[in-house]
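Let's take a walk through this protein, beginning with one strand and working outwards. Keep the 3D view open as you read.

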Amino acid sequence: FKILLIISAHIQGSLTMSSPKDVLNLLEVARLLGVHVETVRRLARNNEIPAFKVGRGWRIRRDALINWEDTQQYQSRQGTILVVDDDPDLVESLSMKLESENYRVVKAYDGIEAWERIKEETPDLVLLDVMMPRKNGYDVCDEIKNDPQYKNITVLLLTAVADAVPDTSYTHMDGKTTLADDFIPKPIDLDRLMEIVKEQFE
């Protein structure tokens with residue numbers, strides 16, 4: 001199971017490094033797991049991870065986290081999604097929504113960085129903004145789909161509504177004529193986004 005193996009290697013490699021700290025806070029756990037801290041907080045509140053309260057904050061013992069990973073309770077992850085947009089706030093909001101649905105999220109902020117993340121992570125799906133610095137989403141999409149190693153990655157283009165951006169060629173119709181698997185209009189409806197993402201994983 002690809003996703004589990006990736007997480008397993010990432011966690012075990014991080015947790016087995018020598019460290020004097022046996023008790024971790026949520027931010028440290030989030031960094032080790034490669035997820036947003038709010039995702040870890042939700043797991044703690046729902047008793048889905050071996051956390052305990054210290055004052056108002058949650059703590060997790062390092063050995064308990066290792067044991068938790070060994071029982072494969074994290075294998076329910078749905079897949080790895082790369083979110084690419086030059087708007088950091090949008091990347092963060094999309095990431096939190098996806099992680100709340102148990103997807104593993106990787107982030108990039110322009111087309112060049114997107115390719116670096118693709119080569120490192122080989123995501124199952126890419127949410128790809130069209131208008132970005134250095135390399136636009138159309139070019140990145142075409143490169144993905146024309147690369148034998150990565151052509152099976154699902155690409156969803158994030159496209160601006162044409163009427164809202166009258167002086168750009170980046171329209172919904174353009175998005176549908178690329179090699180992208182689908183498009184998601186901006187401004188993004190998060191509920192509709194999740195419906196489209198789930199359809200791609202079915």
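Start with strand S7 and look at where its side chains go: Thr 154, Leu 156, Leu 158 and Ala 160 point one way, while Val 155, Leu 157 and Thr 159 point the other way, and all of them are buried. That back-and-forth is no surprise, as side chains in a regular strand alternate between the two faces of the sheet. Bear in mind that you're looking at a predicted model. Here, buried means under 20% relative accessible area. Seven of the seven residues of S7 (residues 154-160) pass that test, so the strand is largely enclosed by the rest of the structure.

What does S7 pair with? Strand S6 (residues 125-129) runs parallel to S7, and five bridges join the two. If you want a spot to zoom in on, find Asp 129, whose bridge partner in S7 is Leu 158. Helix H7 (residues 137-145) belongs to this part of the story too: together with S6 and S7, H7 makes a right-handed β-α-β unit. S7 also pairs with strand S8 (residues 182-186), again in the parallel sense and over five bridges. There, Thr 159 stands opposite Pro 185 in S8.

Now move to another part of the chain. You'll find an open sheet of three strands in the order S1-S3-S2, and its pairing is antiparallel. Strand S1 (23-25) and strand S2 (51-54) stand at the edges with a single partner strand each, so one side of each has no neighbour in the sheet. From one strand to the next, the twist averages 40°. Strands S1 and S3 (residues 57-61) pair in the antiparallel sense over three bridges, and Leu 24 stands opposite Ile 60 in S3. Helix H2 (residues 26-33) packs on this sheet, where H2 touches S1 and S3. The direction of H2 makes about 90° with that of S1.

Finally, zoom out to the whole protein. It has nine helices and eight strands. Of its 202 residues, 46% are buried. How far apart along the chain are the residues that touch? Among contacts with a separation of 6 or more, 64% come from residues 24 or more positions apart. As for the outside, the protein exposes about 10300 Å², with carbon and sulfur atoms supplying 48% of that area.

Definitions and conventions. Residues are numbered from 1 along each chain as its sequence is written. This is a predicted model: local features need pLDDT of at least 70, side-chain atom pairs count only at pLDDT 80 or more; totals for chains, interfaces and linings use all residues. Side-chain values use heavy atoms; hydrogens and water are left out. Buried means under 20% relative accessible area, exposed over 50%, partly exposed in between (1.4 Å probe, protein chains only). Helices (H or I, at least four residues) and strands (E, at least two) are DSSP runs, numbered from the N terminus. Two strands pair if DSSP finds at least two bridges between them. A crossover is right-handed if, with the strands pointing away from the viewer, the path from the first strand over the helix to the second runs clockwise. Axes are lines fitted to C-alpha atoms, for helices over the stretch in contact, and angles run from 0 to 180 degrees between N-to-C directions. Contact means heavy atoms within 4.5 Å. Accessible areas come from the Shrake-Rupley method with a 1.4 Å probe; for residues, only the protein chains shown count as cover.
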